[in-house]
Amino acid sequence: MPGRAPLLRTALLAAALLTACGTTPESVAPAAAPTTAAKSPVATPSPKAAVSVGGPGTACALPVSFSLMEGWEPETVEKPDDPDFAALVEQGPATIVCEAKSEGTPDIGFVRVWTAPKGPVRGALKAFVEDDKSKELVLTDVKAGAVPAVEARYSAYSALEEAWRDGRSFAVATPKGTVVIVELGGLDAEEDAVVAAYELAKSTLKLT
């Protein structure tokens, strides 16, 4: 994909929304538990789940469902008829089908859902990440809710900011064979509150 495609994809996808509606790392050390002298450690507040997306009657009909944080608004993404615009809602083997935006929060973030044809989950996720300008990709076997998943952590280049940013996404296989990829994006994608929205989606994911 040409170098300008990531920026064009982001800008034109936003316009379309307005108008249309592999191996596991050899050693993965567990995160060290925070230490504190106090008897009762300070707990990070759990994100408040406000709405579910993906199930019957929700904003997006998906092969999976998950919870969104308060202030995040989901919207179905329809593939434009114009071939030039249609290509901008595709990345690697996947096509975007739903996007949740942090409309009611001070942060700019997105949780995007993509679907890819039947195939190996790890291969689909790797191809998805590598179709954008990225580096330092690490794939890890994880759980999304109770569902086996593969998570990608990498550095993604932001043409808008002209800087490398941390990127993350995860993928699961569905009973019908479709691979679902959930991606975190946005200018504030490294902020704790935005990462929490992604982690909530991952921890509450269910197959529909």
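**Exercise 1. Place Val-195 in the fold and say whether it is buried or exposed.**

Val-195 sits in helix α4. Helices here are DSSP runs of H or I with at least four residues, strands are runs of E with at least two, and both are numbered from the N terminus. This is a predicted model, so local features need pLDDT of at least 70 and side-chain atom pairs count only at pLDDT 80 or more, while totals for chains, interfaces and linings use all residues. Residues are numbered from 1 along each chain as its sequence is written, and side-chain values use heavy atoms, with hydrogens and water left out.

Next, the cover. Val-195 has a relative accessible area of 15%, so Val-195 is buried (buried means under 20% relative accessible area, exposed over 50%, partly exposed in between, with a 1.4 Å probe and protein chains only).

Then the neighbours. Leaving out residues up to four places away in sequence, Val-195 touches Arg-168, Leu-184, Ala-189 and Glu-190; contact means heavy atoms within 4.5 Å. For Leu-184, 11 residues apart from Val-195 along the chain, the C-alpha to C-alpha separation is 7.6 Å.

**Exercise 2. Start from Arg-168, a contact of Val-195, and work out which salt-bridge network Arg-168 belongs to.**

Start with the rule: a salt bridge is a side-chain nitrogen of Lys or Arg within 4 Å of a carboxyl oxygen of Asp or Glu. Arg-168 pairs with Glu-199, their closest N and O atoms being 3.7 Å apart. Glu-199 lies in helix α4 (residues 192–204) and Arg-168 in strand β9 (residues 163–173), so this pair ties together parts that are 31 residues apart in sequence. Check the cover on each side: Glu-199 is partly exposed at 30% relative accessible area, whereas Arg-168 is buried at 13%. Finally, follow the shared partners: salt bridges join Glu-151, Arg-168, Glu-199 and Lys-202 into one network.

**Exercise 3. Take the salt bridges Asp-141 to Arg-122 and Glu-130 to Lys-126, and find where the partners of each lie.**

By the same N-to-O rule, the count comes to 10 salt bridges. In one of them, Asp-141 meets Arg-122 at 2.6 Å, N to O. That pair links distant parts of the chain, with Asp-141 in strand β7 (residues 134–144) and Arg-122 in helix α3 (residues 121–130), 19 residues apart. Asp-141 is partly exposed at 44% relative accessibility, while Arg-122 is buried at 13% relative accessible area.

Now the other pair. Glu-130 and Lys-126 have their closest N and O atoms 3.0 Å apart. Both lie in helix α3, 4 residues apart, about one turn of the helix. Glu-130 counts as partly exposed at 44% relative accessibility, and so does Lys-126 at 34%.

**Exercise 4. Find the disulfide and give its handedness.**

A quick reminder: a disulfide is a covalent bond between the sulfur atoms of two cysteines. The search rule is a pair of cysteine sulfur atoms within 2.5 Å, and over the whole structure it finds 1 disulfide. The partners are Cys-60 and Cys-98, S to S 2.1 Å. Cys-60 lies in the loop between β1 (49–53) and β2 (64–69) and Cys-98 in strand β5, so the pair ties together parts 38 residues apart in sequence. For handedness, look at the torsion about the S-S bond: at about 70 degrees, it makes the disulfide right-handed. Both cysteines are tucked away: Cys-60 is buried at 1% relative accessible area, and Cys-98 is buried at 2% relative accessibility.

**Exercise 5. Which residues make the nonpolar surface patch of about 270 Å²?**

They are Ile-108, Leu-160 and Leu-187. Patch members have over 30% relative accessible area and no salt bridge; like charges are joined within 9 Å, and nonpolar side chains (Val, Leu, Ile, Met, Phe, Trp, Tyr) within 5 Å. Take Ile-108 as the worked case: Ile-108 is in the loop between β5 (94–101) and β6 (110–116), and is partly exposed with a relative accessible area of 41%.

**Exercise 6. Judge how far to trust the chain, using pLDDT.**

pLDDT is the predictor's confidence in each residue, from 0 to 100. The chain's mean pLDDT is 81, and 76% of its residues reach 70 or more. Over residues 1–45, though, pLDDT is below 50, and this stretch has 42 contacts in the model beyond near neighbours in sequence. Where pLDDT is low, the predicted coordinates should not be read in detail.

Key. Areas by Shrake-Rupley, 256 points an atom, 1.4 Å probe, with all protein chains shown as cover.
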